[in-house]
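I opened this notebook to record what I looked up in one structure. The entries follow the order in which I took up each topic.

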Amino acid sequence: MPEGDTVWQTARRLHTALAGHVLTRSDLRVPKYATADLTGRSVLDVTPRGKHLLTRIEGGLTLHSHLRMDGSWKVYAPGERWSGGPGHQIRVILGTADRTAVGYRLPVLDLLRTTDEERAVGHLGPDLLGPDWDPGKALANLLRDPARPLGEALLDQRNLAGIGNIYKSELCFLLRATPWLPIGDLPAEHAAHLPPLAKKLLEANRDRPARSTTGRRDQNLYVYGRAPRPCLRCHTSIRTANQGDGSRERPTYWCPTCQPGPSPHH
């Protein structure tokens with residue numbers, strides 16, 4: 001599941017493969033850009049912004065993409081078999097003499113002027129892995145609506161950018177709060193610790209092939225995906241429920257003993 005650390009890794013892979021090289025192949029397989037041709041232009045850089053990817057191209061253009069739940073970018077060497085999915089799931093191909101980047105199942109793909117990037121990402125809060133990171137602003141954003149459940153506030157990319165379902169559940173566990181706790185009810189010292197803790201987790205994982213929040217070899221995550229197995233701290237069965245307005249699946253995991261407070265089961 002792509003979250004800020006995964007997107008950061010994807011951007012680094014794409015930047016290493018494409019930046020500084022001229023595009024010899026360009027195929028945008030979305031109707032709006034079917035006739036767009038980027039061949040002959042150099043790729044300048046690939047930058048992550050929260051869960052968004054900005055591929056900047058010579059001539060003042062940016063290809064904006066978002067992975068959402070199951071999108072991915074794959075990079076292939078010449079002659080290497082493409083293995084990211086069936087051909088009908090390919091949304092974009094960017095090729096150079098040495099590498100080909102293929103975007104699969106991308107729900108968002110826009111070609112815009114680089115000067116207009118704010119239209120795509122200007123709504124985002126401070127990026128946990130970006131140069132604009134500001135823990136004070138992130139905390140102020142989170143506390144702007146004190147009645148909002150903690151888990152929903154963490155997922156709102158307008159508050160801080162980069163957290164998805166996995167980090168939401170893990171952060172709530174580390175803060176000893178249920179994801180349904182009104183964020184204004186979080187003790188002040190825990191609230192102040194939240195932004196730097198979130199940054200610490202994402203930074204620790206941006207260079208790892210397998211995400212870990214526990215520091216343990218035998219178990220990478222405290223609660224996410226572990227229901228109904230026992231909590232690593234207290235051995236209570238981990239619980240799971242959906243959180244949000246029901247418009248999409250938001251699986252949430254928590255320990256009812258280590259994280260006392262409101263939950264769907266109360």
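The entries below concern helix packing, a pocket and two backbone features.

**Entry 1. Status of the model.** I note at the outset that the model is predicted.

**Entry 2. H3 against H6.** I looked up how helix H3, residues 135-142, is placed against helix H6, residues 188-205. Their axes come within 9 Å and cross at roughly 125 degrees. An angle between 115 and 145 degrees is classed as oblique, and H3 and H6 are therefore oblique to each other. I recorded the crossing of H3 past H6 as right-handed. I then asked which residues of the two helices meet. On the H3 side I found Pro-135, Ala-138, Leu-139 and Leu-142; on the H6 side they meet Ala-191, Ala-192, Leu-194 and Pro-195. By class, this contact of H3 with H6 holds eight nonpolar residues, with no polar and no charged ones.

**Entry 3. H5 against H6.** I next turned to helix H5, residues 165-174, which packs with H6 at an angle of about 130 degrees. The axes of H5 and H6 are 11 Å apart. With the class limits of 115 and 145 degrees again in mind, I entered this pair too as oblique, because of its angle. The crossing of H5 and H6 is right-handed. From H5, the residues in contact are Tyr-167, Leu-171 and Leu-174. Their partners in H6 are Leu-197, Ala-198, Leu-201, Leu-202 and Asn-205. I sorted the contact of H5 with H6 into seven nonpolar residues, one polar residue and no charged residues.

**Entry 4. The second largest pocket.** How much space lies in the second largest pocket? I noted a value of about 190 Å³. Its lining consists of 13 residues, and those nearest the centre of the pocket are Thr-47, Pro-48, Asp-127, Gly-130 and Pro-131. I then checked which elements contribute to the lining: helix H1 (4-18), strand E2 (43-49) and strand E3 (52-57) each supply at least two residues. E2 gives the largest share, three residues. Sorted by class, the lining of this pocket comprises five nonpolar, four polar and four charged residues.

**Entry 5. A cis peptide bond.** I looked up the peptide bond from Ala-227 to Pro-228 and found it to be cis, with omega near 0 degrees. Pro-228 is located in the loop between H6 and strand E9 (239-242).

**Entry 6. A positive phi.** I also examined Arg-68, which is not a glycine yet has a positive phi of about 45 degrees. Where is Arg-68 found? I placed Arg-68 in the loop between strand E4 (61-66) and strand E5 (72-76).

How values were computed:
Residues numbered from 1 in each chain as written. Predicted model: local features only at pLDDT ≥ 70, side-chain atom pairs only at ≥ 80, totals over all residues. Heavy atoms only, no water. Axes fitted to C-alpha atoms, helices over the stretch in contact; angles between N-to-C directions. Helix = DSSP H or I, 4+ residues; strand = E, 2+ residues; numbered from the N terminus. Parallel < 35°, antiparallel > 145°, perpendicular 65-115°, else oblique. Left-handed = near helix turned anticlockwise from the far one by under 90°. Contact = heavy atoms within 4.5 Å. Nonpolar A, V, L, I, M, F, W, Y, C, P; charged D, E, K, R; others polar. 1 Å grid on protein atoms, 1.4 Å probe; cavity = no way out; pocket = protein on both sides within 12 Å on 5 of 7 lines; lining within 4 Å. Points joined across faces, edges and corners; volume = space filled by probe spheres on them.
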